[in-house]
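Here is a short report for someone meeting this structure for the first time. It starts with the whole chain and ends with one residue.

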Amino acid sequence: MEKMQLIEVKTCNGVRVVKIESIVTIRTARRHSVITLYDGTSFEAFHSLGWFDGQLQRPDFCRCHQSHIVHCRYIESLNYTSFRLKVNGFGEVPFSRKYKPELLSRLKTYLAQN
């Protein structure tokens with residue numbers, strides 16, 4: 001049985017332990033980040049997006065914009081005209097030209113592994 005992967009996140013109420021697989025998106029909000037989980041809840045974390053980018057160095061997470069990280073599992077479609085990702089059940093997230101090659105590469109790797 002595979003061990004469940006967890007991440008410790010600093011919040012205004014202390015530290016919250018989160019299952020990595022339950023993270024759908026992470027976005028910047030001023031000097032903090034907002035994490036949206038699969039159950040629809042969101043909470044603010046006292047970490048930068050860069051910190052999460054380093055912690056989630058796995059092919060299933062991708063920095064798609066200077067203000068967003070998304071879990072590849074939840075990407076439904078990409079719109080190259082509007083530069084938006086449709087995230088299954090969670091609306092749309094922007095992606096930029098700068099991050100497009102990495103996004104496509106990680107998405108292909110994720111889909112090939114799963």
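The protein chain contains 2 helices and 10 strands. The model is predicted. Along the sequence, the elements follow the pattern β-β-β-β-β-α-β-β-β-β-β-α.

Some overall values for the protein chain:

| Property | Value |
|---|---|
| Span of the C-alpha trace along the principal axes | about 40 × 40 × 25 Å |
| Residues that count as buried | 43% of 114 residues |
| Exposed area | about 7100 Å² |
| Share of the exposed area from carbon and sulfur atoms | 48% |

The radius of gyration is 14 Å, which agrees with the value near 13 Å for a compact globule of 114 residues. Among contacts with a separation of 6 or more, 44% join residues 24 or more positions apart.

**The sheet**

An open sheet is built from 5 strands, in the order E5-E4-E3-E7-E6, with antiparallel pairing. Strands E5 (42-45) and E6 (61-65) stand at the edges; each has a single partner strand, so one side of each is left without a neighbour in the sheet. On average, neighbouring strands are turned by 20 degrees against each other, direction ignored. Helix H2 (residues 100-113) packs on this sheet and touches E6 and E7. The direction of H2 makes about 155 degrees with that of E6.

Within the sheet, E3 (residues 23-29) and E7 (residues 68-71) run antiparallel and are joined by 3 bridges. Thr25 stands opposite Val70 in E7.

**Asp60**

Asp60 sits in the loop between helix H1 (49-55) and E6. Is Asp60 buried or exposed? Its relative accessible area is 6%, under the 20% cut-off, so Asp60 counts as buried. Beyond its neighbours within four places in sequence, Asp60 is in contact with Glu21, Val70, His71, Cys72, Arg73 and Tyr110.

Terms used
Residues are numbered from 1 along each chain as its sequence is written. This is a predicted model: local features need pLDDT of at least 70, side-chain atom pairs count only at pLDDT 80 or more; totals for chains, interfaces and linings use all residues. Side-chain values use heavy atoms; hydrogens and water are left out. Two strands pair if DSSP finds at least two bridges between them. Helices (H or I, at least four residues) and strands (E, at least two) are DSSP runs, numbered from the N terminus. Axes are lines fitted to C-alpha atoms, for helices over the stretch in contact, and angles run from 0 to 180 degrees between N-to-C directions. Contact means heavy atoms within 4.5 Å. Buried means under 20% relative accessible area, exposed over 50%, partly exposed in between (1.4 Å probe, protein chains only). The radius of gyration is taken over C-alpha atoms; the globule rule is 2.2 Å times the number of residues to the power 0.38. Accessible areas come from the Shrake-Rupley method with a 1.4 Å probe; for residues, only the protein chains shown count as cover.
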